[in-house]
Amino acid sequence: MITFLISLVALVVGYMVYGKFVERVFGPDDRLTPAVAKADGIDFVVLPNWKVFMIQFLNIAGTGPIFGAIMGAKFGPAAYLWIVLGCIFAGAVHDYLCGMLSMRNDGAGQPELIGLYLGHTTKRVMLVFSVFLLMMVGAVFVYSPALILGKMCSDGLTWVYIWCGIIFAYYLIATMLPIDKIIGKIYPLFAVSMLFMAVALMVVLFVKWPSLPELTDGIYGEGYSSPIFPALFITIACGAISGFHATQTPLMARCLKNEKMGRPIFYGSMITEGLVALIWATVSMYFFYGGAAEELGVPATLQAPEVVTAVSQGWLGTFGGILALLGVVAAPITSGDTALRSARLIIAEFIHLDQRSVAKRFWICIPLFGATMLLLFFNIENPDGFNVIWSYFGWANQTLAVFTLWAITVYLVRAKKPYWITFLPAVFMTVVCSSFLMISKNAFGFDMMVGYGVGGAALIISLAWFFRWYQQEKSRSSVQK
């Protein structure tokens, strides 16, 4: 528990110190924001700052910092290091600068920003990549709450399918409506439920004060079967760094009235998500290693959604369990909704299709929802479907973060700002994603040495490419002067 306490303090200090430094690097000012300049009553709508924060937190969180932390806890205390360092120096920086660049570019979505700084070819690739990732988010974030709700109704799959249908119907309605009609009204309440769940579980941890693995005991856990590098950095994405966030921050960048609220909303939401991930990582270490599973009368081999149900109901009682489960159920549903909303906007932005008309929104949603339903069907019917899709989602998610970090690095270089704040995370995540693609059993499935060899090659190539481009950029700047 000492490592847990130190990690909590580190995240708060990171927001106050490093977050302030990153804000000074970007330099927000009082210029007109897209929410005001492009107000359309649909997607560009000024919302109160507290609502924007709650919606941003709920959108980027989903079940990511919960399920990822539960699975990542099997790696042991190394999970604490990655959540804290990844969140402060990579994830929060990624989210803040992505959100601010979106505001500076008329509320542009992630593929548009990629195209602006990495070229049109990369933009087209990222368009397909982003939409596919968002469909996977929609599938995963339908299944996980449907599984929890279905288990509460019956042990069979019938209720899971019924809840999937209900959630999908809600998705269609919420994706089509203006952002302030459902998202602006009820999402802040769901965010409060999720935060209540996290705080309540943290109180239980303090009361029980279990004996858990500490960093002083080593970074390895007893239950990991995959190598910490790179598997840990893919398993725990939300709560450390997540490319999915780059698709979500433009939604709120279109609702902010002032740039100076960027740090508490974009950087602060990510730090808050890191706190939730820390709590669930600690709960899970107690569950897997500290005897909590035995105390609750359940096997320690439960899947992540089942761990959430067992812990919430067992520790918080009926009322607390319902509120906690509401947070866990609502979070993925709302993230799935905004994921598909982002996909609609990304496609519309690419084909230059105005979204004021309901009919135009509807025609984009038809194929989008059809493809997502196919992924969902695979998720349910395949016994290992959740883990397979989560693995692909994790890799695709982090790969999206790689491209976003490189795009922001290009911006920082051209703006003559300290580019290393995104350059270092970009290089690191490039190596992580390259290595994981090689060794993952759901991808190439090579042995460790091949994976590390490819990761090393990716390191050398990315460094060579960047510094060659950097010298060319400096030469162009000198000529223009």
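Let me start with the cysteine C255, whose sulfur is 15 Å from the closest cysteine sulfur, in C98, and that is too far for a bond, given that a disulfide is defined here as a pair of cysteine sulfur atoms within 2.5 Å. C255 is also buried, with a relative accessible area of 0%, where buried means under 20% relative accessible area, exposed means over 50%, and partly exposed means in between, with a 1.4 Å probe and protein chains only. A second cysteine, C238, has its sulfur 11 Å from the closest cysteine sulfur, in C87, again too far for a bond, and C238 is buried as well, at a relative accessible area of 3%. By this rule the count of disulfides comes to 0.

Before going on, I should say that this is a predicted model, in which local features need pLDDT of at least 70 and side-chain atom pairs count only at pLDDT 80 or more, while totals for chains, interfaces and linings use all residues. Residues are numbered from 1 along each chain as its sequence is written, and side-chain values use heavy atoms, with hydrogens and water left out.

Now to the chain as a whole. It contains 18 helices and 0 strands, where helices (H or I, at least four residues) and strands (E, at least two) are DSSP runs numbered from the N terminus. What radius of gyration would a compact globule of 481 residues have, and what does the chain have? The globule would be near 23 Å and the chain has 21 Å, which agrees; the radius is taken over C-alpha atoms, and the globule rule is 2.2 Å times the number of residues to the power 0.38. Along the principal axes, the C-alpha atoms fill a box of roughly 70 × 50 × 40 Å. Of the 481 residues, 60% are buried. If we take contacts with a separation of 6 or more, 84% of them come from residues 24 or more positions apart, a contact being heavy atoms within 4.5 Å. The accessible surface comes to about 18,400 Å², and 68% of that belongs to carbon and sulfur atoms; these areas come from the Shrake-Rupley method with a 1.4 Å probe, and for residues only the protein chains shown count as cover.

Let us turn to helix 1, which covers residues 2-26. At 1.5 Å a residue, its 25 residues should span 36 Å, and the end C-alpha atoms are 35 Å apart, which agrees; the expected span is 1.5 Å times one less than the number of residues. There is nevertheless a kink of about 35° in this helix, centred on G14, the bend at a residue being the angle between axes fitted to the seven residues ending there and the seven starting there. The buried residues of helix 1 include F4, L8, L11, G14, Y18 and V22. In general, an α-helix has 3.6 residues a turn, so residues three or four places apart point the same way. After helix 1 comes G27, with a positive phi near 80°.

One of the buried residues just named, F4, is also touched by T282, a residue of helix 12, residues 262-289. T282 is itself buried, at 0% relative accessibility, and, not counting residues up to four places away in sequence, the residues it touches are M1, F4, Y80, L205 and L212.

Two further buried positions are worth finding on the screen. M126, in helix 7, residues 120-153, has 1% relative accessibility, and with the same exclusion of sequence neighbours it touches Q110, P111, I114, L400 and F403. The C-alpha atoms of M126 and T158 are separated by 37 Å, with the two positions 32 residues apart along the chain counted as their distance apart. S342, in helix 14, residues 304-351, is buried at 3% and touches L134, T247, Q248 and L251, leaving out residues up to four places away in sequence.

Finally, which backbone angles should we look at? Most residues other than glycine have a negative phi, and most peptide bonds are trans. D106 is not a glycine, yet its phi is positive, about 60°, and it sits in the loop between helix 5 (78-104) and helix 6 (110-118). W209 also has a positive phi, near 40°, in the loop between helix 9 (183-208) and helix 10, and W209 counts as partly exposed at 43% relative accessibility. A cis peptide bond, with omega about 10°, joins F229 and P230, and P230 is found in helix 10, residues 228-235.
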